[in-house]
Structure formats: structure tokens, C-alpha cells
Amino acid sequence: QSLKTAASMESLRGSEGAAAALYWQAFSELIPSPWQFGKRQARPAPDPVNALLSLGYTLLYQAAAGLLQARSLNAHLGMLHSPGGTHLALASDLMEVFRAYIVDATVLKLLHTQQLDPKAYTIQAGTCSLGNETIRIFIRALEDRFNGVQQHPQTGFKMDFRRIIDHDILSLIKACRSH
């Protein structure tokens with residue numbers, strides 16, 4: 001409800017942060033044993049679940065950035081994320097909608113179907129490094145998820161996630177041109 005009445009970007013981001021805290025608390029309850037996940041921590045990733053999430057988000061970010069570039073949009077200019085340096089704020093904005101559907105769902109599926117070795121990682125100085133086989137399995141599963149056909153929530157058309165993201169980019173372009 002607070003999103004509808006947010007008076008500033010800071011207020012909007014505060015509401016998003018509160019929602020994220022609730023989301024990660026619920027997410028942690030979905031992690032099967034023997035995997036451990038206390039809280040979301042991107043850098044450095046302290047455990048393999050966080051490392052998988054960070055790798056997945058990086059790949060999703062790059063996919064969104066590539067699609068934005070293909071449509072000749074300046075991905076540095078965002079709406080919710082702040083631009084700065086080499087950060088592609090619009091790619092971060094765009095990928096937010098797809099994090100749970102693509103990355104989080106893939107991580108949970110791999111953990112629940114026991115496709116990953118829960119001991120195939122190392123931790124040095126508080127930073128988790130995934131094993132090569134874990135990375136290979138995860139990237140293959142993530143690609144399968146990207147390529148899986150879904151029904152677009154607005155159009156009803158069936159398409160893979162890259163096409164859904166591209167469709168959303170085209171909708172953004174249309175909205176910007178109409179204003």
C-alpha cells in the first residue's frame with residue numbers, strides 16, 4: 001500500500017527494502033537441508049546459495065543489458081536504480097521483475113531436486129567460491145529456464161523469457177514515445 005502513496009524515491013526505496021526483507025525471510029524457509037541460507041548478502045557471498053543467486057543475477061543483468069542495447073536504449077538511465085559509473089541502471093530496473101521467476105526459481109529447483117553437491121564449494125576469507133561443476137550445472141539450468149516457454153502475463157502469447165523481457169522493453173519504448 002505504501003508504494004501507491006510514496007512521496008519520494010527514498011520513500012519508495014524504503015518500502016522496497018522492507019518488502020525485500022520479508023521476501024528473503026520467506027525464501028530462507030524454502031531452502032532444503034543440508035543447504036544453509038541466513039540472509040541475502042550479495043558481495044561477498046558468504047555461502048553457496050548466495051553465490052548462486054549472485055551469479056544468476058549477474059547473468060540476468062547481462063541478458064537485460066544486451067536486449068536494451070539491441071533496442072538502442074541508454075541502459076545507464078534508470079527509473080528506480082540510480083545511474084553511476086558503469087552501472088546500467090535500466091538493466092537493473094528491468095531485471096527486478098524477473099529475478100524470482102528466473103533466478104530464484106532455478107536455485108530452488110536445483111536445491112530441491114538435489115542436482116548440486118552441497119559440498120562443492122570453498123569459503124576463504126568469508127567469500128564463497130562455487131565449484132566448476134556447480135557453475136556448469138547452474139548455468140545450464142538457468143539457460144533452460146530462459147528458454148522455457150511461458151505465457152506473457154499481459155498479452156497471453158507464449159514466448160521464452162528473453163522474448164518476454166524484450167516485449168517489456170518494447171512496451172517501455174512505446175510508453176516513453178507516447179508521453
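Here is a short walk through this structure, from its overall fold to one enclosed helix. What you see is a predicted model.

Let's start with the layout. Six helices and four strands make up the regular elements of the chain. If you trace them along the sequence, they come in the order α-α-α-α-β-β-α-β-β-α.

Next, consider the overall dimensions. A compact globule of 179 residues would be expected to have a radius of gyration near 16 Å, and the chain agrees with that, at 17 Å. Along the principal axes, its C-alpha atoms fill a box of roughly 55 × 35 × 30 Å. Inside the fold, contacts link distant parts of the sequence: counting contacts between residues at least 6 apart, 55% join residues at least 24 apart.

Now for the inside and the outside. Of the 179 residues, 35% are buried. The chain exposes about 10,800 Å², and 56% of that comes from carbon and sulfur atoms. Charge is part of the picture too: there are 17 positive and 14 negative side chains, and the centres of these two sets lie 4 Å apart.

Finally, take a look at helix α3, which spans residues 89-96. Seven of its eight residues are buried, that is, under 20% relative accessible area, so the helix is largely enclosed by the rest of the structure. Those buried residues are Ala-89, Leu-90, Ala-91, Ser-92, Asp-93, Leu-94 and Met-95. Which elements cover them? Among them are three other helices: α2 (48-70), α4 (99-112) and α6 (161-178).

Conventions: Residues numbered from 1 in each chain as written. Predicted model: local features only at pLDDT ≥ 70, side-chain atom pairs only at ≥ 80, totals over all residues. Heavy atoms only, no water. Helix = DSSP H or I, 4+ residues; strand = E, 2+ residues; numbered from the N terminus. Rg over C-alpha atoms; globule rule 2.2 N^0.38 Å. Buried < 20%, exposed > 50% of the residue type's maximum accessible area, 1.4 Å probe, protein only. Contact = heavy atoms within 4.5 Å. Areas by Shrake-Rupley, 256 points an atom, 1.4 Å probe, with all protein chains shown as cover. Lys, Arg positive; Asp, Glu negative; His and termini not counted. Charge placed at Lys NZ, Arg CZ, Asp CG, Glu CD.
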